[in-house]
Amino acid sequence: MTSILRAIAGMLFAFSLATISMSQEEGLGVLVHKERALDGYTLIAPQFDNNVYLIDNDGRLVNKWDIGSFTREAHLLENGNIVVVKAPEDEIDKSLFELGYSPDGAVAEYTWDGDLVWEYAFLGANRHQHHGIDVLPNGNVLAIIWDYHPLEEALVMGLDPAIAEEIFLDVKTFLPDVIVEIDRLNGEIVWTWNAWDHLIQNVDENLPNFGAPSANPQRIDINYQKYALKELSTDWSAGPADWMHVNSVNYNPALNQLVLSVHRFDEIWIINRSLTTEEAAGPAGDLLYRWGNPFAYGQGSLTEDRKLFQQHDAQWIDEGSPGAGNLLIYNNRNNVVREDEQAEDEYSSIIELKLPLRDDGSYDWDAEAEIVWQYDKGFYSRIISGVQRLPNGNTLITEGVPGRLLEVTHDGEVVWEFISPVPEDRNWLFRVRKYPADHPGFAGKDLLPGPVLGA
């Protein structure tokens, strides 16, 4: 009898392995430990596809939105609508700068049934929306914007002429990033923070913002590029005009603060959202805190002290989830400076960071931020990608270029895996969000699953 049971157990185990192998090959959901994965639905916006998809834990399609253009990010609202980043319906004026990405330029809202509610497009020549967004508790949307300045203005602000000559070459554009808040009800920009207002330079004492970056870490060194490029073989894929390349913005309602992932500086920056636009343009709008690369403000070595490497998706862990109040970061580790350049040694990591926060919401610059959790097993994406702490304590990882999603426990056990099958030729995922089954956005909605995505 025992031998029969063992034989049956062996057959079941072999069948489970075959099922998992098939799932990975076809892009289906892989339930390694179904009881430990979050019971919920995953919202996927493939970067080179015109659709947004909602899938269950088996990879089956629950809803689909036709956006009509490439998209890269989607957020589910409590009424069941989604807010997305997309290419605008009308053509963008690129007379001042050509820089841009096909899935960017506009923010839009769609109903559960796919009807367009509103769209805010940045069509003018001076500003262009790019990368990520965040939805505030009041329903307004934060967006990241390139702000056009001719290179001559940057030189007047203290940009080292050697940078213009050695790095910018024929580029005549300087694009600091701006964070704007868009009112969903009236389509107006109601708040702005501009990095251009918070610069420092140590090149010319007769120009504005003169001072030592090392003594003023709350301000942004306009000449950081010059020093970083001497030690890095960085791929400036978007060109030197894209000076900061902020790729995410996230809001903390308890602190009324924003965290930015600043790709080109290998840092996260925290700024104050409680200010008015006018106040945010002054000293009160300087950085509240920064972390990841002290070399960016002259207080460390680029090769020895840097902790972040072209990171993405910095965000506070939501209240109600384990680790609430800490930061999560997808650390791509793309431009790690090391002697061993073997491809098999490349890996990305997830960092959970506890900041030196004081009771009044300020930060102790002299204290070290603490990495309280890290996961770096079996995934790597040199660009894009994301991370999310789920209500059950698991962490959802978006491994961007392979189009792969992993849900891992605090102990690092993979409990759910999904490989996006769309589009077949380039299934990149910028970042993905998963929502629990009891999320208000699903109330009263038809959640009957259809075929597996891509089947």
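Me: On a 1 Å grid over the protein atoms alone, a cavity is a set of points where a 1.4 Å probe fits but cannot get out. How many of 30 Å³ or more does the structure hold?

Reply: Two. Mind you, this is a predicted model: local features need pLDDT of at least 70 and side-chain atom pairs 80 or more, while totals for chains, interfaces and linings use all residues. Residues are numbered from 1 along each chain, and side-chain values use heavy atoms, leaving out hydrogens and water.

Me: What volume does the second largest cavity have?

Reply: About 30 Å³, meaning the space filled by probe spheres set on the grid points, joined across faces, edges and corners.

Me: What makes I92 and H128 part of the lining of the second largest cavity?

Reply: Lining residues have an atom within 4 Å of a point, so I92 and H128 qualify, as do D93, K94, F97, L99, G124 and A125.

Me: Why does G124 in that lining count as polar?

Reply: Because Gly is put among the polar residues. The lining has four nonpolar, two polar and two charged residues.

Me: And why is the space of about 1100 Å³ called a pocket?

Reply: Because a pocket is an open set with protein on both sides within 12 Å along at least five of seven lines. The largest pocket is lined by 41 residues, with D134, V135, D318, Y435 and H439 nearest its centre. Its lining has 17 nonpolar, twelve polar and twelve charged residues.

Me: What makes a residue of the chain count as buried?

Reply: Under 20% relative accessible area with a 1.4 Å probe, protein chains only. By that cut-off, 57% of the 455 residues are buried.

Terms used. Buried < 20%, exposed > 50% of the residue type's maximum accessible area, 1.4 Å probe, protein only.
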